[in-house]
Amino acid sequence: MAGVSELEPLIETFDAAAGYLDWAAFGPLSPAVRAEMNADAALLGTGRRAGIDLVSSRVDEARDLVAAVLGCAVDEVVLQPSTTHGLTHAMQGLTGDVLVSAQEFPALRVTARRAQDARGLLTVREIDPPDGIVTVDAVAEALTDDVTAVAVSLVDFRTGALADLPGLRELIGDRLLIVDAVQAFGVVDVDWAAADVVCGNGYKWLRAGRGTGFARFSDRARERIEPLLSGISGMQGDAATTGFPPPPLPTAGAYSIAPSDPLAASRLAVAVRDVVDAGIPAVAAELRARAQDVMNLANRYGVPVLTPRDRHAGIVTLLPDPQDAAPLAAALANHGVTVTARGATIRVSPHIGTGADSLQLLGDALAQVATTRVVVIDAPTGELDLGALES
């Protein structure tokens, strides 16, 4: 497998229990993140200025690394407590109409609606494309002169579908493109320059833990998005500055409320450096390969896959037949496989460090359901549904 040898040092750091296939929900912290967190916490416990200043410098270090991945200037990046914090800053300061999918993750839909209700200067226009997958064609059908921004997840949390960022950029022209990158940052090889606002978090695929959010606001975004929620860390001057209120910073730092947590910044910096050192294109290719392994198992045992096979990252969403959904969820749990079951779907999300042992457990669970699958008989004709016999 191309690139695996170069990735081996990173792959070897994965020490989650066999059967953990839920990286799209939470990424168990990496050994490097745990070690750095403990070391920096010890420094903060000394009471020595040198140690406190050293840990505080992790904020700039994390911003530098995020900016390098996004291919932007450092002053366009600000750390946030979460993805939703960054999206809230973007939506609250936006005016006009924003397009968003009705089936998007709530971080986008809720922040947009809250901004609409709070100020009355933003109108949310929801689209409802097939399977909730945002495509260029779906956006094109809804695009009007009143639309000032399009908001989308680069990787859809339900289906794992990968949005066509360059295609959306070309379609919407000078409008703002706001991207939720939480399921993509560090594990998808994409030209981030297509987006004006990118908000993400390191607690999933980066294995950095919660609190490791960030946001990028391009020059164009800062011209059009008012830093309405700018707080003490987003103002010019310092705590001794007289006059009220001080003007916001001219950088992305304006979209912050309070100083960043240096321990969270430390975890984010370590995690981003790990994927940068390994090479994000190689990481992305290997992640797609692991997702393909899951799809192959689903094919073998006759479980339908909702995830687009030609445009995906690490998420594979299974859509079992209704009579199979509960038995499959139970079989996965009994075999020690951790996934996310939501409604009629089962979301399986491996990582590059997912080994053969985890895939074996998944395969065993799928095989169990396949061998006990109920044969469906068409009552009016008495014909067997041969598809139900596949195993």
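Reader: Does Arg290 count as buried or exposed, and at what relative accessibility?
Author: In this predicted model, Arg290 belongs to helix 11, which spans residues 280-300. The cut-off for a buried residue is a relative accessible area under 20%. Arg290 therefore counts as buried, its relative accessibility being 8%.

Reader: Which residue forms a salt bridge with Arg290 with the closest N and O atoms 2.3 Å apart?
Author: The pair lies within helix 11, its two members being 4 residues apart, or about one turn of the helix. Both members are buried. The residue whose salt bridge with Arg290 has its closest N and O atoms 2.3 Å apart is Glu286.

Reader: How far apart are the closest N and O atoms in the salt bridge that Arg290 forms with Asp293?
Author: Arg290 and Asp293 are separated by about one helical turn, because they stand 3 residues apart in helix 11. Asp293 is partly exposed, with a relative accessible area of 23%, whereas Arg290 counts as buried. In the salt bridge between Arg290 and Asp293, the closest N and O atoms are separated by 2.7 Å.

Reader: Which residues of helix 13 make the contact with helix 11?
Author: Helix 13 covers residues 356-371, and its axis lies 10 Å from that of helix 11, at an angle of about 20 degrees. Angles under 35 degrees count as roughly parallel, so helix 11 is roughly parallel to helix 13. From helix 11 the contact is made by Asp293, Val294, Leu297 and Ala298, and from helix 13 by Leu359, Leu362, Gly363 and Leu366.

Reader: Is the crossing in which helix 11 passes helix 13 left-handed or right-handed?
Author: The two helices pack at an angle of about 20 degrees. The way helix 11 passes helix 13 makes the crossing right-handed.

Reader: Which residue forms a salt bridge with Glu36, and how far apart are the closest N and O atoms?
Author: Side chains of opposite charge can pair when their charged atoms come close. Glu36 is partly exposed, with a relative accessible area of 23%, while its partner is buried at 14%. The partner of Glu36 in the salt bridge is Arg58, and the closest N and O atoms are 3.0 Å apart. This pair links distant parts of the chain, helix 2 (residues 31-44) and helix 4 (residues 58-70), across a separation of 22 residues.

Reader: Which residues are linked with Glu36 and Arg58 in a network of salt bridges?
Author: A search of the whole structure finds 18 salt bridges, among them the one between Glu36 and Arg58. The residues linked with this pair in a network of salt bridges are Asp40, Glu61 and Arg273.

Reader: Which residue in strand 7 is the bridge partner of Leu79?
Author: Leu79 is in strand 1 (residues 77-80), where Val77 and Leu79 on one side and Val78 and Gln80 on the other are all buried, so that both faces are covered. Strand 1 runs antiparallel to strand 7 (residues 213-217), and 4 bridges join the two. The bridge partner of Leu79 in strand 7 is Phe214.

Reader: What is the phi of Arg207?
Author: Most residues other than glycine have a negative phi. Arg207, which lies in the loop between strand 6 (197-201) and strand 7, is buried at a relative accessible area of 4%. Although Arg207 is not a glycine, its phi is positive, at about 65 degrees.

Methods. Residues numbered from 1 in each chain as written. Predicted model: local features only at pLDDT ≥ 70, side-chain atom pairs only at ≥ 80, totals over all residues. Heavy atoms only, no water. Buried < 20%, exposed > 50% of the residue type's maximum accessible area, 1.4 Å probe, protein only. Pairing = 2+ DSSP bridges. Salt bridge = Lys/Arg side-chain N within 4 Å of Asp/Glu carboxyl O. Axes fitted to C-alpha atoms, helices over the stretch in contact; angles between N-to-C directions. Parallel < 35°, antiparallel > 145°, perpendicular 65-115°, else oblique. Left-handed = near helix turned anticlockwise from the far one by under 90°. Contact = heavy atoms within 4.5 Å.
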